[in-house]
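Work through the exercises below with the structure in view. Try each task before reading its solution.

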Amino acid sequence: MRKSTRALLAAALVLGVAAGPALTPAFAATTPSVAQASTPDLSAVVAGLPRADATAALVRVGGTEGSWRGSAGVHDLETNAPADPAARFRAGSVTKVFTAATVLQLAAEGRIDLDRPARAYLPDLIPGRYATVTVRQLLNHTHGIPAADMPGETVEEWYANRFAVHTPEELVRSATARPREFRPGTRQHYLNIGYTIAGLIVERVTGDSYEHQVERRILRPLGLRDTYFPRGTAEITGPYNHGYQTMRLDDGTTGLRDVSVWGTTDGWAAGDLVSTTADLERFTRALFAGGVVRGPLLEEMFTLPKVPDLKTGDPAAYSVGLSMKRLGGREVWGKTGGRWGYNAAIASTRDGARTLVYSVNSTDAKGQDMNPTALRLMVAAYGLPE
């Protein structure tokens with residue numbers, strides 16, 4: 001965990017649930033379910049929304065230690081109607097967990113070999129300089145392939161290009177045309193590109209679309225009826241709470257812009273899923289109980305590579321699909337995700353004793369550090385890092 005994140009976690013504990021400045025006259029509503037005495041009171045964390053850092057939050061805590069459900073904030077800043085607790089949202093990189101699970105299912109069927117080079121599956125896309133990168137290295141971010149060259153460096157530039165269409169093949173060609181960041185298997189660098197390649201491998205070995213494979217293997221069997229892939233559509237289908245992002249506006253001032261409508265083709269198998277907290281909670285329970293990936297291959301998701309992080313030198317924190325932090329004295333596994341206007345996360349202890357799913361309509365969804373409201377939710381659910 002980065003030092004700055006540690007500092008923020010400590011600050012969250014000190015600050016408790018003090019609300020930041022309201023963006024509009026605040027409407028906040030929490031809807032708790034039956035909870036055991038040991039379950040943290042998360043309602044205080046989201047009380048006072050909307051605030052400067054977030055306009056809404058949807059939260060579910062579950063497991064044998066107790067359960068709690070809450071929603072707070074507003075559906076949109078124009079009407080100040082209460083946030084819809086059943087709303088859909090952009091799950092961002094939580095998509096990677098679904099992609100990893102699909103690849104592991106195909107590995108269990110003998111259709112993908114995790115130790116085989118990715119180039120063996122995509123010889124027309126992966127050049128010789130990346131000939132030794134394996135499928136496992138794609139999934140645990142130890143591949144050494146740099147990010148694709150994307151237009152824009154600021155949120156304003158990204159917003160101007162929000163409807164640009166990117167194909168997975170285009171992204172892979174852009175990334176693999178560049179020199180490798182490190183020798184495969186020697187470092188870890190969290191990037192989307194490994195999962196873009198993994199999605200293409202799923203398509204190559206099945207002769208089917210990546211989206212349909214995830215639907216057939218995960219969404220339908222688990223009954224995740226409110227989870228879907230946009231397939232290039234910039235709008236969120238069905239009910240959703242609006243997402244806002246702090247940026248420079250047309251008049252030159254800095255303020256909030258509604259960014260709910262935004263293309264996600266740059267994310268694809270790495271980050272374009274739309275879901276709900278109810279669906280993600282069901283998925284998390286099933287995944288950790290061995291109901292999605294079965295047998296020894298499930299351990300791939302709970303095994304960290306023994307390499308340092310490229311930027312910090314800290315031990316690797318990402319496994320196949322998930323990441324791990326020690327919070328409150330125990331291992332917490334899960335995945336966070338961010339798209340403009342939205343932050344999401346799934347998390348659980350290994351035994352499923354406490355699960356956490358949230359969607360926070362954050363105004364700094366791709367900021368340098370974790371969104372304060374999302375951070376406080378994680379602290380309240382599990383405790384501080386050691």
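**Exercise 1: Two unusual spots in the backbone**

Task: Find where H141 is placed, and say what is unusual about its phi.

Solution: H141 sits in the loop between α5 (135–139) and α6 (155–160). Helices (H or I, at least four residues) and strands (E, at least two) are DSSP runs, numbered from the N terminus. The phi of H141 is positive, about 65°, although H141 is not a glycine.

Now go to P50, in the loop between α2 (43–46) and β1 (54–62). The peptide bond from L49 to P50 is cis, and omega is near 5°.

A note on the source: this is a predicted model, in which local features need pLDDT of at least 70 and side-chain atom pairs count only at pLDDT 80 or more, while totals for chains, interfaces and linings use all residues. Residues are numbered from 1 along each chain as its sequence is written, and side-chain values use heavy atoms, with hydrogens and water left out.

**Exercise 2: How α7 meets α8**

Task: Describe how the axes of α7 and α8 cross, then list the residues in contact.

Solution: Start with the axes, which are lines fitted to C-alpha atoms, for helices over the stretch in contact; angles run from 0 to 180 degrees between N-to-C directions. Helix α7 covers residues 168–176 and helix α8 residues 193–206. Their axes come within 10 Å and cross at roughly 130°. Therefore α7 and α8 are oblique to each other. The scale is this: under 35 degrees is roughly parallel, over 145 roughly antiparallel, 65 to 115 roughly perpendicular, and the rest oblique.

Next, the contact (heavy atoms within 4.5 Å). From α7 come P168, E169, L171, V172 and A175. From α8 come I193, T196, I197 and L200. By class, this contact has 7 nonpolar, 1 polar and 1 charged residues. Ala, Val, Leu, Ile, Met, Phe, Trp, Tyr, Cys and Pro count as nonpolar, Asp, Glu, Lys and Arg as charged, and the others, Gly among them, as polar.

**Exercise 3: The partners of α9**

Task: Work out how α9 is oriented to α8 and to α3.

Solution: Take α8 first. The axes of α8 and α9 come within 8 Å and cross at roughly 80°. So α8 is roughly perpendicular to α9. G199, V202, E203 and T206 of α8 make the contact with Y210, E211 and Q213 of α9. These residues divide into 2 nonpolar, 3 polar and 2 charged.

Now take α3. The axes of α3 and α9 come within 10 Å and cross at roughly 80°. So α3 is roughly perpendicular to α9. On the α3 side, T95, F98, T99, A101, T102, Q105 and L106 take part. They meet Y210, Q213, V214, R217, I218 and L219 in α9. The class count for α3 with α9 is 7 nonpolar, 5 polar and 1 charged.

**Exercise 4: Empty space**

Task: Say which residues line the second largest pocket and which line the largest cavity.

Solution: First, the terms. On a 1 Å grid over the protein atoms alone, a cavity is a set of points where a 1.4 Å probe fits but cannot get out; a pocket is an open set with protein on both sides within 12 Å along at least five of seven lines; lining residues have an atom within 4 Å of a point. Grid points are joined across faces, edges and corners, and a volume is the space filled by probe spheres set on the points.

The second largest pocket has a volume of about 160 Å³. Its lining is L104, Q105, A108, R217, I218, P221, L222, G291, V292, V293 and R294. The elements giving two or more residues are α3 (95–108) and α9 (210–222). The largest share, 4 residues, comes from α9.

There is 1 cavity of 30 Å³ or more. The largest cavity holds about 80 Å³. M150, P151, W158, N161, R162, A164, H166, W262, G263, T265 and D266 line the largest cavity.
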